[in-house]
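Trainee: I'd like to learn how to read a structure like this one. Can we go through it feature by feature?

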Amino acid sequence: MTAASEQDAGVEGPRRRGRRPAGEDRRGDILAAAREEFAQRGFDGTTLRGIARAAGVDPRLVHHYFDGKDAVFTAAFEIPVRPQDVIERVLAPGPDGIGERLVRLFLSVWDAPPGRQRIVALLSASLTSEAGARMLREFLTREVFARIVAALDADQPELRASLAVSQMMGLVVARYVVLIQPLASLPPDRVVALVGPTLQAYLTGPLRDG
């Protein structure tokens, strides 16, 4: 019997994966698809349309739940703070002291048990997988520090953003993953005082050649 005759006889052939009926909750499917897309393609290579296609939903449904790719990323990996929501607050007082404000902001998230568990899990994935490393690197560079450097109108923005990312990722590894002492046990204010000036120099200080 041919496929056409099967349909004429009321016999259903293999069902193609497609969109589920309207009204069915698809947020979880979108986040699951997003995790796979980010892991395979990195942050830069992932698109909202690609996530929708992988989840089998209309792209408009992704926009219904999330107002940007960074929002999907933070939800998919349960990052407690969406950078876009806090960057303006960090920048508002001006460039002076921005290094310390940023370190304090990160520590306020990472020192809390849920934030620590999530960043350690995400960073551990980045250390064992090139795709995971690319995903985290692109997210921190593009969505966090590139935005900050652009707002500061600093020279050599790409270099500054990459230096800032290296500083903060190094802090995560030392304080939360490898637990290097006494850094791992220092109170937040002490870490801010020690690391903040270095981050400040990367973001606003002179970058000497040679």
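Trainee: Let's start with helix 11: where does its kink lie, and about how many degrees is it?

Mentor: A word on the source before that: this is a predicted model, where local features need pLDDT of at least 70, side-chain atom pairs count only at pLDDT 80 or more, and totals for chains, interfaces and linings use all residues. Residues are numbered from 1 along each chain as its sequence is written, and side-chain values use heavy atoms, with hydrogens and water left out. The bend at a residue is the angle between axes fitted to the seven residues ending there and the seven starting there. In helix 11 a kink of about 35 degrees lies at V195, shortly before the proline P197.

Trainee: What span should helix 11 have, and how far apart are its end C-alpha atoms?

Mentor: The expected span of a helix is 1.5 Å times one less than its number of residues. For the 17 residues of helix 11 that gives 24 Å, and the end C-alpha atoms are 23 Å apart, which agrees.

Trainee: And helix 2, what does it span?

Mentor: Helix 2 (residues 27–45) spans only 21 Å between its end C-alpha atoms, where a straight helix of 19 residues would span 27 Å. Helix 2 also has a kink of about 80 degrees, centred on A39.

Trainee: Which residues of these helices are buried?

Mentor: The general idea first: an α-helix has 3.6 residues a turn, so residues three or four places apart point the same way. Buried means under 20% relative accessible area, exposed over 50%, and partly exposed in between (1.4 Å probe, protein chains only). In helix 11 the buried residues are V191, V192, V195, G196, L199, Q200 and L203. In helix 2 they are I30, L31, A33, A34, E37, F38, G42 and F43. Over the protein, buried residues make up 40% of the 210 residues.

Trainee: How many helices and strands are there altogether?

Mentor: Eleven helices and zero strands. Both are DSSP runs numbered from the N terminus: helices are H or I with at least four residues, strands are E with at least two.

Trainee: On to charges. How many salt bridges does a search find?

Mentor: Side chains of opposite charge can pair when their charged atoms come close. The cut-off here is a side-chain nitrogen of Lys or Arg within 4 Å of a carboxyl oxygen of Asp or Glu. A search of the whole structure finds five such salt bridges. One of them joins D189 and R104 (2.7 Å, N to O). That pair links distant parts of the chain, with D189 in helix 11 and R104 in helix 7 (residues 98–110), 85 residues apart.

Trainee: Are D189 and R175 buried or exposed?

Mentor: D189 is exposed, with a relative accessible area of 51%, while R175 counts as buried at 4% relative accessibility. R175 forms a salt bridge with D111, the closest N and O atoms being 3.2 Å apart. Here D111 sits in the loop between helix 7 and helix 8, and R175 in helix 10, 64 residues apart.

Trainee: Last one: what lines the second largest cavity?

Mentor: Rolling a probe the size of a water molecule over the atoms shows where empty space is left. A cavity is a set of points on a 1 Å grid over the protein atoms alone where a 1.4 Å probe fits but cannot get out, and lining residues have an atom within 4 Å of a point. The second largest cavity is lined by W110, I119, L123, L136, L140, M168, M169 and V172. Helix 10 gives the largest share of that lining, three residues.

Notes
On a 1 Å grid over the protein atoms alone, a cavity is a set of points where a 1.4 Å probe fits but cannot get out, and a pocket is an open set with protein on both sides within 12 Å along at least five of seven lines; lining residues have an atom within 4 Å of a point.
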